[in-house]
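Work through the exercises below with the sequence and the 3D structure at hand. Each task is followed by a solution in steps.

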Amino acid sequence: MGRKLLLEKAHIDGIRSYDVYRREGGYASVEKVFKNMSPDQVTEEVKKSGLRGRGGAGFPTGMKWSFLAKPEGVPRYLVCNADESEPGTFKDRYLMEFIPHLLIEGLIVSSYALGSNRTYIYIRGEYAWIVDILEQAIAEANANGWLGKNILGTGFDCQIYVQRGAGAYICGEETALIESLEGKRGNPRIKPPFPAVKGVWDCPTVVNNVETLAAVVPIINLGGEEYAKIGIGKSTGTKLISACGNIKKPGVYEIDMTISVEEFIYSDEYCGGIPNGKRLKACIPGGSSVPILPTNLLFKTAKGDTRIMNYESLADGGFATGTMMGSGGFIVMDEDQCVVRHTLTLARFYRHESCGQCSPCREGTGWMEKILKNIEYGKGKMSDIDLLWDIQRKIEGNTICPLGDAAAWPVAAAIRHFRDEFEWHVLNPVESQQRNFGLAHYADPRPVPVA
Amino acid sequence: MAEEKKLFKVTIDNITIEVEPGTSILNAARMIGGDVAPPAMCYYSKLKGSGGKCRTCLVEVAAGSTADPRPMPKLVASCRTNVMDGMVVKNITSERVIDARNGVVEFLLLNHPLDCPICDQAGECHLQDLSYDHGKEGTRYEFNRRTFNKHDLGPYIQLHMTRCILCYRCVFTADQLTNKRVHGVLDRGDHAEIATYIEKSLDNDFIGNVIDVCPVGALTDKTFRFKNRVWFLKPVDAHRDCPKCSGKVTLWNRGDEVYRVTARKDQWGEVEDWICNECRFEKKQTSDWVIEGPTKVSRQSVISQGHYVGLKRPKETITEVLEGRKPRLLMDIHDVSQVNKPNVELSKIPGPAHSDDFKK
């Protein structure tokens, strides 16, 4: 049984309310930092913990905090990125819904470390009911003196505001989020300047994911060094994984990043294996934007070691044989699933969510979707597969924000590992059009116009 | 004694120059000039915040700086990346850059109709130039092109959204030059479009400048559209005493007739001084202007066809060979009226004229 840090108390009745949360030891980290630690010491503790951003990129949080510019007389902001829109990822929702005070507590500690007097939670618009839960928690924290003016007599003022997005995936990208927070169209900004120098209203800003900020609480409670002992290598602490797809037990799991991928999929403690006696075909381990891996590469790394559920092991060998930890959206596919159809679904998503600012993403994502649609419905040509490969190559790395990469990687990995399925669709057009998958009705069944 | 300003040394395509801190790679490359300067479809030096969107100006940074000589992993937008001391940049010497730029051109042309023969921007189109440099003769795109409903943008400006490449220049222009921006980008992704709020017209005094900044033929001048091709016109610099703007313009003449008025542009195709709508749309008489002289046009530009400055014509030899006789006599053409019978009206002949028609 892995150690639980974030969801340890999530099952306790009434933990959503302040009274129960406090009774169970909540807000101890706030007391600790206000009584005994300077803001720099908090940052140092986070650095020692080795915590990596849990939003997907995995950048060291302590280092990100230390980049924050601190000019005199200029306010600083902390923004909590709760715009969880990556297909397959729903871990932050779980955390915010069931134990909201953990996030509020983490936000207060982090705001203190960064000197942010106004902190925002930018939340996905579709999470409407969670907004109420968070606002209730903020009101309770206010009423009990954890927020507001001169918190616990320290002279530190802090207020937390919840801002709803309008349901655009791109607003999960930190600079687009900042634009949206400022009330503008959610287009990504060109970096540099980075938010640490010019963020919200051109002031120094740190944007962190929900899980990252919640993890600050156990880091302070345990101490950074103790936290770093959990996990392995540079993947310290615990990680929330949202598992879905063809598994017996979909849900949000907290793992300590030492268990193997095989154990995660097949053990009863976690996913519980593949239902209906089916075999595993492939897995997207970090949310829809990370490369898909077939079974033969999923359990073993490029070096032949057992693949572990952590940042380094999942990425081992680069994209040729590895993938990414990403946000932890673990999508499992059994032998009946069609990789081409799933790739089309993802391509459609990224095409729809492209902000349209830069030409490779705006035009390329739509082009990929159309070609994939042709292939999926038996109207593709063999040359289309190579064309797809070339298009994704021209998009990757050439766009303003990582959405271009997120659109390109799934297509690249699908072709790299499942080219034979693409070829099957081309060679068997009639069968391709007649297939009818039980759960894959979300693909548009309309006939494809061919120019 | 004034303190000496520290300059940054930057090497672009093996040419080293010194520039002031804060200079972008693109502007440093423009100081060198020629092919070293990356193309730019969305960047416009006069518009704050422009650039970084079209990705045509991507370059490879082979060394970040003297202090940190590591190369940048991704190609960067040269218009929005500032130089560092000791930076080494590869533009046309980088295969990665050329490959990426070819890709960008293909993406830009995906939904941009290649109707140069009828488009009003032909001859002045940056995308046309870019596709000649980096495009391919064919397209790999087999699907229906994106099309849009036509928008009426008032009496002076025509928006042909189908040709738009969403460079945002016109939005920046309206935002920064006028006090009432009523257009912007609606929707997102490949269905994003430039549009006005419930089709309000763009009626600000300086809104005509959106025509000049448009790199393709999406925004055109209604008072000039399809009246002539730019290479048949003779651009001359002129000015007038205008209370609203600098009044410095380029007149596009044919004979004494002023076909259109535009702002003067520099060698990178960027407006030097913004002009007002009155100068642009309403002053179409030569007498309205003080003519300064022919506009300098790059010899490579199609606009230079027919009117080079300081053109030296080759020596005429036929008349000399014919000992003073006119060439027309050699070809036995005595009179134009004798070639075609005046009683044959070509326009009334069904189909192409045939010799039999003249024998009737």
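The exercises concern a predicted model, and they go from one chain to the interface and then to single residues.

**Exercise 1. Describe the overall build of chain A.**

Step 1. Start with the secondary structure: chain A has 19 helices and 11 strands.

Step 2. Compare the radius of gyration with the globule rule. The value for chain A is 22 Å, close to the 22 Å that the rule gives for 451 residues, so chain A is as compact as a globular protein of that length.

Step 3. Add the extent along the principal axes, where the C-alpha trace of chain A spans about 75 × 45 × 40 Å.

Step 4. Turn to burial and contacts. Of the 451 residues of chain A, 63% count as buried. Among contacts in chain A with a separation of 6 or more, 70% are between residues 24 or more positions apart.

**Exercise 2. Characterise the interface of chain B and chain A.**

Step 1. Count the residues in contact: 33 from chain B meet 36 from chain A.

Step 2. Give the area. The two chains, B and A, bury about 3100 Å² between them, and 50% of this lies on carbon and sulfur atoms. On the side of chain B, 25% of the area buried against chain A is supplied by B:Phe107, B:Phe143 and B:Arg188, more than by any other three residues.

Step 3. Count the polar links. The interface of chain B and chain A has 8 salt bridges, and 16 residue pairs are in polar contact between these chains.

Step 4. Locate the elements on the side of chain B that touches chain A. Those giving two or more residues are helix 2 (95-110) and strand 8 (183-186) of chain B. The largest share, 8 residues, comes from helix 2 of chain B.

Step 5. Sort the residues on that side of chain B by type: 15 are nonpolar, 6 polar and 12 charged.

Step 6. Take one bridge as an example. A:Asp405 pairs with B:Lys74 in a salt bridge whose closest N and O atoms are 3.0 Å apart.

**Exercise 3. Compare the settings of two salt bridges in chain A.**

Step 1. Take A:Lys303 and A:Asp316, which form a salt bridge with the closest N and O atoms 3.6 Å apart. A:Lys303 lies in the loop between helix 12 (295-298) and helix 13 (311-314) of chain A, and A:Asp316 in the loop between helix 13 and helix 14 (318-321), so the pair ties together parts that are 13 residues apart in sequence.

Step 2. Check accessibility. A:Lys303 is exposed at 65%, whereas A:Asp316 is buried at 14%.

Step 3. Take A:Glu376 and A:Arg341, whose side chains meet in a salt bridge (2.5 Å, N to O). A:Glu376 is in helix 16 (residues 359-376) and A:Arg341 in helix 15 (residues 339-353) of chain A, so this pair ties together parts that are 35 residues apart in sequence.

Step 4. Check accessibility again. A:Glu376 is buried, with a relative accessible area of 0%, and A:Arg341 is buried at 7%.

Step 5. Look for linked bridges. Salt bridges with shared partners join A:Asp390, A:Arg393, A:Lys394, B:Asp99, B:Glu106 and B:Arg140 into one network.

**Exercise 4. Is B:Gln128 buried or exposed, and which residues is B:Gln128 in contact with?**

Step 1. Place the residue: B:Gln128 is in helix 3 (residues 126-134) of chain B.

Step 2. Apply the cut-off. The relative accessible area of B:Gln128 is 15%, and buried means under 20%, so B:Gln128 is buried.

Step 3. List the contacts. Leaving aside neighbours within four places in sequence, B:Gln128 is in contact with B:Cys116, B:Ala122 and B:Gly123.

Terms used:
Residues are numbered from 1 along each chain as its sequence is written. Chains are lettered from A and ligands numbered from 1 in the order in which they are written. This is a predicted model: local features need pLDDT of at least 70, side-chain atom pairs count only at pLDDT 80 or more; totals for chains, interfaces and linings use all residues. Side-chain values use heavy atoms; hydrogens and water are left out. Contact means heavy atoms within 4.5 Å. Buried area is the accessible area (1.4 Å probe) that two parts lose on being put together, summed over both. A salt bridge is a side-chain nitrogen of Lys or Arg within 4 Å of a carboxyl oxygen of Asp or Glu. A polar contact is a pair of N or O atoms within 3.5 Å; within protein, one must be able to donate a hydrogen and the other to accept it, and residues adjacent in sequence count only if both atoms are side-chain atoms. Helices (H or I, at least four residues) and strands (E, at least two) are DSSP runs, numbered from the N terminus. Ala, Val, Leu, Ile, Met, Phe, Trp, Tyr, Cys and Pro count as nonpolar, Asp, Glu, Lys and Arg as charged, and the others, Gly among them, as polar. The radius of gyration is taken over C-alpha atoms; the globule rule is 2.2 Å times the number of residues to the power 0.38. Buried means under 20% relative accessible area, exposed over 50%, partly exposed in between (1.4 Å probe, protein chains only).
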